[in-house]
Amino acid sequence: MKVAPQQLSFLMLTALVIGNMIGAGIYTLPSAIAPYGGVAIFAWIFTALGALMLALLFANLSRTLVKSGGPYA
C-alpha cells in the first residue's frame, strides 16, 4: 500500500516559523542579558519597543502596498 506524501500548508509553515522565532527569543534573550544584572530590564523594554516598532512598520507597509506578497512586494 502506497502512502501519498503529506504536504505542509502555507499556514502551517508560517506558524512553525513564528513559533521558532518566539521560542528563540524567549529562551535566548535571558541568557544573553543575564551578565548585566538589574540593567537587563532595560534590555527587555528596548527589545519590546523594537518589536512593536517592527509590527507597526509592517502594518503600515501592508496598508500602503495592497499587493499580495507581503514584504517581498
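Is the crossing of α1 and α2 left-handed or right-handed? I took this as my opening query, noting beforehand that the model is predicted.

**Entry 1: the two helices**

I looked up the extent of each helix and found that α1 covers residues 10–33, while α2 covers residues 40–64. I noted that two packed helices are described by the angle between their axes and the distance between the axes. For this pair, the axes come within 10 Å and cross at roughly 140°. I therefore recorded α1 as oblique to α2, since an angle has to be over 145 degrees to count as roughly antiparallel. On my opening query, I found the crossing of α1 and α2 to be right-handed.

**Entry 2: the length of α1**

I then checked the span of α1 against expectation. Its 24 residues, at 1.5 Å a residue, should span 34 Å. The C-alpha atoms at its ends are 34 Å apart, so the two values agree.

**Entry 3: the contact**

Which residues of α1 meet α2? I listed L29, P30 and I33 on the side of α1. Their partners in α2 are A40, A43, W44 and T47. Sorting the residues of this contact by character, I obtained 6 nonpolar, 1 polar and no charged.

**Entry 4: burial in α1**

I next asked which residues of α1 are buried. They are G23, L29 and I33. I noted that the buried residues of α1 pack against α2. Two of the names, L29 and I33, were already in my list of residues that meet α2.

**Entry 5: two residues of α2**

I examined A43, which lies in helix α2. Is A43 buried or partly exposed? Its relative accessible area is 22%, and buried means under 20%, so A43 is partly exposed. A43 and I33 stand 10 residues apart along the chain, and their C-alpha atoms are separated by 7.3 Å. I recalled that A43 and I33 both belong to the contact between the helices.

I also examined I41, another residue found in helix α2. I41 has a relative accessible area of 47% and is therefore partly exposed. From I41 to P30 I counted 11 residues in sequence, and the distance from C-alpha to C-alpha is 10.0 Å.

Methods: Residues numbered from 1 in each chain as written. Predicted model: local features only at pLDDT ≥ 70, side-chain atom pairs only at ≥ 80, totals over all residues. Heavy atoms only, no water. Axes fitted to C-alpha atoms, helices over the stretch in contact; angles between N-to-C directions. Helix = DSSP H or I, 4+ residues; strand = E, 2+ residues; numbered from the N terminus. Parallel < 35°, antiparallel > 145°, perpendicular 65-115°, else oblique. Left-handed = near helix turned anticlockwise from the far one by under 90°. Contact = heavy atoms within 4.5 Å. Nonpolar A, V, L, I, M, F, W, Y, C, P; charged D, E, K, R; others polar. Expected span 1.5 Å × (residues − 1). Buried < 20%, exposed > 50% of the residue type's maximum accessible area, 1.4 Å probe, protein only.
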